[in-house]
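Trainee: I should like to take a close look at one charged side chain and the partners with which it pairs. Could you then place that part within the structure as a whole?

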Amino acid sequence: MRVSILQKGDYLIVSLQSSLNDGEFRQLRNRLIALASQISTKGMIIDVGKLDVMDSFATRILGDIADVSQHRGAPTVLVGIQPHIKFSIAQLGLDIEKFEIALNLEEGLALLKND
Amino acid sequence: MKSNKEKKGKIFSLGSDHDLVTIRKYGKGLAARMGFDKNNRTLISTAISEICRNVIEYAGQGRVKIEISDDEKNCIMITISDSGPGIEDVSKALQEGYTTGKGLGVGLPGAKRIMDEFEVQTCVGEGTTIRMCKRLGLDSD
């Protein structure tokens with residue numbers, strides 16, 4: 001799977017290294033849900049900078065991940081959303097309120113530390 | 001090397017996640033060759049993704065044609081058809097948030113909003129064909 005998952009102190013950093021197909025998104029969700037029950041984190045950052053499309057399916061799966069993480073008291077920050085992806089999210093009317101948004105990893109970590 | 005015919009359009013079978021990604025990438029590539037800007041290429045690709053996923057979820061498989069319109073050279077046309085259950089109530093299906101599946105209910109209305117033209121032909125028990133197109137130059141291209 002083209003995803004890297006690292007634990008950096010109290011935080012989990014998930015980097016999507018290329019666009020994922022639906023099966024890979026589901027695998028990612030299952031993997032992160034399993035991890036959530038095994039490790040304790042104060043927050044998760046998901047870098048979506050390499051996605052070529054963020055459609056309703058991707059948003060739903062990432063939302064599922066955010067729900068599970070939030071349930072354990074750990075907010076989820078999306079970073080790296082490209083301008084053309086932001087535009088399509090707005091045009092499609094996707095709700096991304098489950099996530100906090102930051103420009104990049106550094107800002108994402110700062111956001112989580114301030115939470 | 002792409003043939004002239006392929007540069008103008010292509011027909012795909014749709015039956016898997018992998019097909020969906022292939023089709024979406026082709027659509028984005030054709031839109032790029034036509035001169036659509038990045039925002040619109042992503043919109044086109046997203047609309048294709050949404051409708052194709054509906055085909056896989058509800059019909060299992062279908063057929064997708066992506067081409068430059070013969071009549072309007074600045075228009076990318078996408079026709080997605082299946083022999084699935086059909087849509088019982090199209091106006092309901094086009095409402096935001098309405099879904100009979102597991103999705104968010106934004107695919108059909110969202111794709112309609114994104115594209116310049118959007119037509120649904122459906123018959124319960126027989127299948128659905130969606131034709132949509134986007135034109136260069138109507139906004140920021």
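**A buried arginine between two chains**

Mentor: R53(B) has a relative accessible area of 10% and therefore counts as buried. Please bear in mind from the outset that this is a predicted model, and every value below was computed from it.

The residue belongs to helix α3 of chain B, which covers residues 38-58. What makes a charged side chain in such a place worth studying is its set of partners. As a general principle, side chains of opposite charge can pair when their charged atoms come close. In the case of R53(B), one partner is D22(A): the two side chains form a salt bridge with a distance of 2.7 Å from N to O. This pair crosses between the chains, since D22(A) is in helix α1 of chain A while R53(B) is in helix α3 of chain B. D22(A) is buried as well, with a relative accessible area of 5%.

R53(B) also forms a salt bridge with D55(A), where the closest N and O atoms are 2.9 Å apart. D55(A) lies in the loop between β3 and α2 (56-71) of chain A and R53(B) in helix α3 of chain B, so this pair, too, joins two chains. Both R53(B) and D55(A) are buried. These pairs do not stand alone, for salt bridges that share partners link D22(A), D52(A), D55(A), R24(B) and R53(B) into one network.

One member of that network, D52(A), leads to a further charged residue. K28(B) is placed in helix α2 of chain B, which spans residues 17-34. Although K28(B) is buried, it has no salt bridge. Why is there none? The nearest side chain of opposite charge, that of D52(A), is 4.4 Å away, and a salt bridge requires the nitrogen and the carboxyl oxygen to be within 4 Å, so the pair does not qualify. The backbone of D52(A) nevertheless meets the lysine: its backbone oxygen lies 2.9 Å from a polar atom of the K28(B) side chain. Leaving aside residues up to four places away in sequence, K28(B) touches D52(A) and H84(A) in chain A, together with R41(B), T42(B) and S45(B) in chain B.

Let us now widen the view to salt bridges elsewhere. Over all chains, the whole structure contains 14 of them. One of these lies within chain A, where the side chains of K42(A) and D10(A) meet at 3.4 Å, N to O. K42(A) is in the loop between α1 (22-38) and β3 (43-47), and D10(A) is in the loop between β1 (3-8) and β2 (11-16), so the pair ties together parts of chain A that are 32 residues apart in sequence. D10(A) is partly exposed, with a relative accessible area of 37%, whereas D22(A) is buried.

With these pairs in place, the chains themselves can be described. Chain A contains four helices and five strands, and from the N terminus on its elements run β-β-α-β-α-β-α-β-α. Its radius of gyration is 13 Å, close to the 13 Å that the globule rule gives for 115 residues, so chain A is as compact as a globular protein of that length. Along the principal axes, its C-alpha atoms fill a box of roughly 35 × 30 × 25 Å. Of its 115 residues, 53% count as buried. Among the contacts in chain A with a separation of 6 or more, 70% are between residues 24 or more positions apart.

Chain B has five helices and five strands, which follow the pattern α-β-α-α-β-β-α-α-β-β along the sequence. Of its 141 residues, 44% count as buried. When contacts between residues at least 6 apart in sequence are considered, 61% join residues at least 24 apart. The accessible surface of chain B is about 7000 Å², with 47% belonging to carbon and sulfur atoms. Chain A exposes about 5400 Å², of which carbon and sulfur atoms supply 47%.

For a contrast with the buried arginine, consider E119(B), in strand β4 (residues 117-123) of chain B. This glutamate is partly exposed, at 39% relative accessible area. Beyond residues up to four places away in sequence, E119(B) touches T129(B), I130(B) and R131(B). To return to your request, R53(B) is a buried residue that forms salt bridges with D22(A) and with D55(A).

Technical notes
Residues are numbered from 1 along each chain as its sequence is written. Chains are lettered from A and ligands numbered from 1 in the order in which they are written. This is a predicted model: local features need pLDDT of at least 70, side-chain atom pairs count only at pLDDT 80 or more; totals for chains, interfaces and linings use all residues. Side-chain values use heavy atoms; hydrogens and water are left out. Buried means under 20% relative accessible area, exposed over 50%, partly exposed in between (1.4 Å probe, protein chains only). Contact means heavy atoms within 4.5 Å. Accessible areas come from the Shrake-Rupley method with a 1.4 Å probe; for residues, only the protein chains shown count as cover. Lys and Arg count as positive and Asp and Glu as negative; His and the chain ends are not counted. A polar contact is a pair of N or O atoms within 3.5 Å; within protein, one must be able to donate a hydrogen and the other to accept it, and residues adjacent in sequence count only if both atoms are side-chain atoms. The radius of gyration is taken over C-alpha atoms; the globule rule is 2.2 Å times the number of residues to the power 0.38.
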